[in-house]
Amino acid sequence: MVSKETLKFQADLTKNNNRDWFLENKPRYEKYKQEYHALIQKFLDAMIPLDENLRHLEIKDCSFRVNRDIRFSKDKTPYKTHLGIWMSPGQKNTNLAGYYIHIEKGASFIAGGVYWPDAADLKKIRAEIDHFQEDLENIVADKKFKEEFGGFDRDENNSLKSAPKGYDKEHPAIEFLRLKCFTASQSIDDKQLAEKDFVEKTAKKLIALKPLNDFLNRALTSPQ
């Protein structure tokens, strides 16, 4: 479960996102950080038996700093007001697919897949879809996957309006090939965060993403 104190700290930080307030509340932050790391360990303990590809991971591989990178952002607030947990066969800032948990009062969610791959990785994924479209079709048609995530996340920004270069617009997998982002997600309400078995229930949801992650990672690690 996620404590009320953690969510309260996030709320207070959102209202007072500045260095002076943060330093004055450093003891609260240290407790917040301890709970964050404990939560990561609980997720690793729950997920590794379900996906052995995660067995090498430690807390440091799955956590993020509270400080925001504001160098190229119009938003100059210095601190993140959410907790993020990233579990992947690779590590943070790698291009492999994985599982993500986002903890933020009123805006929590879980997700998996590959978020906005670069041009080279997108080319690899599309080649895998081209050659093994039935594999991907079976993954997204799976009952558990559909119950938990419905399908890929889609909006006007993450899908081409026409066929990608080199592919026919009549390709049988064109709806997949047009995608630029390969993620699936599910929102989490605050009541779920407070449940004692939140981690265990969430792990059972996340593991429905394993076949998708395996497919994407096969694409990303296959020699071209």
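1. A quick word on classes before the pocket comes up: Ala, Val, Leu, Ile, Met, Phe, Trp, Tyr, Cys and Pro count as nonpolar, Asp, Glu, Lys and Arg as charged, and the others, Gly among them, as polar. Also bear in mind that you are looking at a predicted model.

2. With those classes in hand, take the second largest pocket. Its lining divides into six nonpolar residues, one polar and four charged. The residues concerned are Met1, Val2, Ser3, Lys4, Leu7, Lys8, Ala11, Lys105, Asp190, Leu193 and Ala194. Two elements, α1 (4–15) and α9 (190–193), each give two or more residues to that lining, and α1 gives the most, with four. The space inside comes to about 160 Å³.

3. Stay with α1 for a moment. Its end C-alpha atoms are 17 Å apart, which agrees with the 16 Å that twelve residues should span at 1.5 Å a residue. Its buried residues are Thr6, Leu7, Phe9, Gln10, Asp12 and Leu13. Those buried residues pack against α2 (19–24), α3, β1 (83–87), β2 (98–103) and α9. Leu7 is worth a second look, as it is buried and also lines the second largest pocket.

4. Now for the core. Nonpolar side chains tend to be buried together in soluble globular proteins. Here the largest nonpolar core has 59 residues, and Phe43, Ile85, Met87, Ile103, Ile129 and Leu206 have the most contacts inside it. Helix α3 (residues 26–47) gives the most to this core, with nine residues.

5. Met87 is a good place to start browsing the core. Not counting residues up to four places away in sequence, Met87 touches Phe43, Leu44, Met47, Leu54, Leu57, Cys62, Gly98, Tyr99, Ile101 and Leu206. Phe43 and Leu206, both in that list, are also among the residues with the most contacts inside the core.

6. Ile70 sits in the loop between α4 (59–62) and β1. Is it buried or exposed? Neither: Ile70 has 27% relative accessibility, so it counts as partly exposed, given that buried means under 20% and exposed over 50%. Setting aside neighbours within four places in sequence, Ile70 is in contact with Asp75, Lys76 and Thr77. Ala163 is 93 residues from Ile70 along the chain, and their C-alpha atoms are separated by 36 Å.

7. Last, check the backbone at Trp116. Most residues other than glycine have a negative phi. Trp116, however, has a positive phi, near 45 degrees. Trp116 is placed in the loop between β3 (108–114) and α5 (119–131), and it counts as partly exposed because its relative accessibility is 38%.

Definitions and conventions:
Residues are numbered from 1 along each chain as its sequence is written. This is a predicted model: local features need pLDDT of at least 70, side-chain atom pairs count only at pLDDT 80 or more; totals for chains, interfaces and linings use all residues. Side-chain values use heavy atoms; hydrogens and water are left out. A nonpolar core is a set of buried Ala, Val, Leu, Ile, Met, Phe, Trp, Tyr and Cys residues joined through side-chain atoms within 4.5 Å. Buried means under 20% relative accessible area, exposed over 50%, partly exposed in between (1.4 Å probe, protein chains only). Contact means heavy atoms within 4.5 Å. On a 1 Å grid over the protein atoms alone, a cavity is a set of points where a 1.4 Å probe fits but cannot get out, and a pocket is an open set with protein on both sides within 12 Å along at least five of seven lines; lining residues have an atom within 4 Å of a point. Grid points are joined across faces, edges and corners, and a volume is the space filled by probe spheres set on the points. The expected span of a helix is 1.5 Å times one less than its number of residues.
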